[in-house]
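Work through the exercises below with the sequence and the structure at hand. Each task is followed by a solution in steps.

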Amino acid sequence: MLSPFKAVIFDAYGTLLRNDDLVLIPRQIVADHALSARIEDVWRAWSELYFEATQLVPFRTLREIETHILPRVLRQFDVGADAAPYVELFFQVTTKIELYPETRQVLNALGPVRSAIVSNADHEHVAAWNFTLPVEFVLISEAVRAYKPHRLVFERALERLGLAPHEVLHVGDSDVDDVKGAKEAGLRVAWVNRDGRARRSDVPAPDFEIRDLRQLPPLLRNA
């Protein structure tokens, strides 16, 4: 495969790995407490607190963050229950995951183009993966002590690869964490937009937009 890129770095959850079950958490909260609030409202409250928490210093693991923010989510909806079951549910759904059907085939199709994974994840997430992937390394936020979209995550990946930003393509599904983060670090980006979401107004345009990973090998050949 001839490509202008010497390496591709991939986001994990939502890109290589299915991440659909996270909606179980706000759904369970609404069901357990017979809330009149919509599942989408609980999801939004949780997502906003999560993003805010990942950008604060000092660094905290995802387990520490969820232990802190899920009680706040419950309080926003006047729920006085213990948040611990929802913290555990978060880790159940983010450690019992599966690959997208095309993941392994696409990784194997990269040929001489090197590959790696960069993920907002704790060590306990990666330890639970019951598969191995043909990539050089997996770099996670707990090791870097920072979360995407912080440029440090991408800079550490470039250091591990020994490559310059223009030599690497980042592939991910989050417009903020992946597109905005990688672009600000000087990388080109392929946004995996599986469900046709609109890009947030403060996020720059990706260099490429694909519906799933199967579009990546021809993109690399023709870029």
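**Exercise 1. The largest pocket**

Find which helices each supply at least two residues of the lining of the largest pocket, and which gives the largest share.

Solution. The model is a predicted one.

- Step 1. Four helices each supply at least two lining residues: helix 2 (39-54), helix 3 (62-76), helix 4 (84-95) and helix 9 (175-184).
- Step 2. Helix 2 gives the largest share of the lining, with nine residues.
- Step 3. The space in the largest pocket is about 1300 Å³. Its lining has 38 residues, and those closest to the centre are Asn19, Leu22, Trp43, Asp173 and Ser174.
- Step 4. Sorted by class, the lining holds 16 charged, 14 nonpolar and eight polar residues.

**Exercise 2. Helix 2 against helix 3**

Decide how helix 2 and helix 3 are oriented to each other, and list the residues that make the contact.

Solution.

- Step 1. The two axes, of helix 2 and helix 3, come within 9 Å and cross at roughly 140 degrees.
- Step 2. An angle over 145 degrees would count as roughly antiparallel, and 65 to 115 as roughly perpendicular. Helix 2 and helix 3 are therefore oblique.
- Step 3. The crossing of helix 2 past helix 3 is right-handed.
- Step 4. From helix 2, the contact uses Val42, Ala45, Trp46, Leu49, Tyr50, Glu52, Ala53 and Thr54. From helix 3, Leu62, Ile65, Glu66, Ile69, Leu70, Arg72, Val73 and Gln76 take part.
- Step 5. The contact of helix 2 with helix 3 contains eleven nonpolar, two polar and three charged residues.

**Exercise 3. Helix 1 against helix 2**

Do the same for helix 1 (residues 24-32) and helix 2.

Solution.

- Step 1. The axes of helix 1 and helix 2 come within 9 Å, crossing at roughly 120 degrees.
- Step 2. Helix 1 is therefore oblique to helix 2.
- Step 3. Helix 1 passes helix 2 with right-handed geometry.
- Step 4. On the helix 1 side are Ile25, Pro26, Arg27, Ile29 and Val30, which meet Ile39, Val42, Trp43 and Trp46 of helix 2.
- Step 5. Eight nonpolar residues and one charged residue make up the contact of helix 1 with helix 2, with no polar residues.

**Exercise 4. Backbone in the loops**

Find where Pro58, Pro149 and Ala34 lie, and state the backbone geometry at each.

Solution.

- Step 1. Most peptide bonds are trans, and most residues other than glycine have a negative phi.
- Step 2. The bond from Val57 to Pro58 is cis, with omega near 0 degrees. Pro58 sits in the loop between helix 2 and helix 3.
- Step 3. Lys148 and Pro149 are also joined by a cis peptide bond, with omega about 15 degrees. The loop between helix 7 (141-144) and helix 8 (151-161) holds Pro149.
- Step 4. Ala34, a residue other than glycine, has a positive phi, near 45 degrees. Ala34 is in the loop between helix 1 and helix 2.

Definitions and conventions
Residues are numbered from 1 along each chain as its sequence is written. This is a predicted model: local features need pLDDT of at least 70, side-chain atom pairs count only at pLDDT 80 or more; totals for chains, interfaces and linings use all residues. Side-chain values use heavy atoms; hydrogens and water are left out. On a 1 Å grid over the protein atoms alone, a cavity is a set of points where a 1.4 Å probe fits but cannot get out, and a pocket is an open set with protein on both sides within 12 Å along at least five of seven lines; lining residues have an atom within 4 Å of a point. Grid points are joined across faces, edges and corners, and a volume is the space filled by probe spheres set on the points. Ala, Val, Leu, Ile, Met, Phe, Trp, Tyr, Cys and Pro count as nonpolar, Asp, Glu, Lys and Arg as charged, and the others, Gly among them, as polar. Axes are lines fitted to C-alpha atoms, for helices over the stretch in contact, and angles run from 0 to 180 degrees between N-to-C directions. Angles under 35 degrees count as roughly parallel, over 145 as roughly antiparallel, 65 to 115 as roughly perpendicular and the rest as oblique. A crossing is left-handed if the near helix is turned anticlockwise from the far one by less than a right angle, and right-handed if clockwise. Contact means heavy atoms within 4.5 Å.
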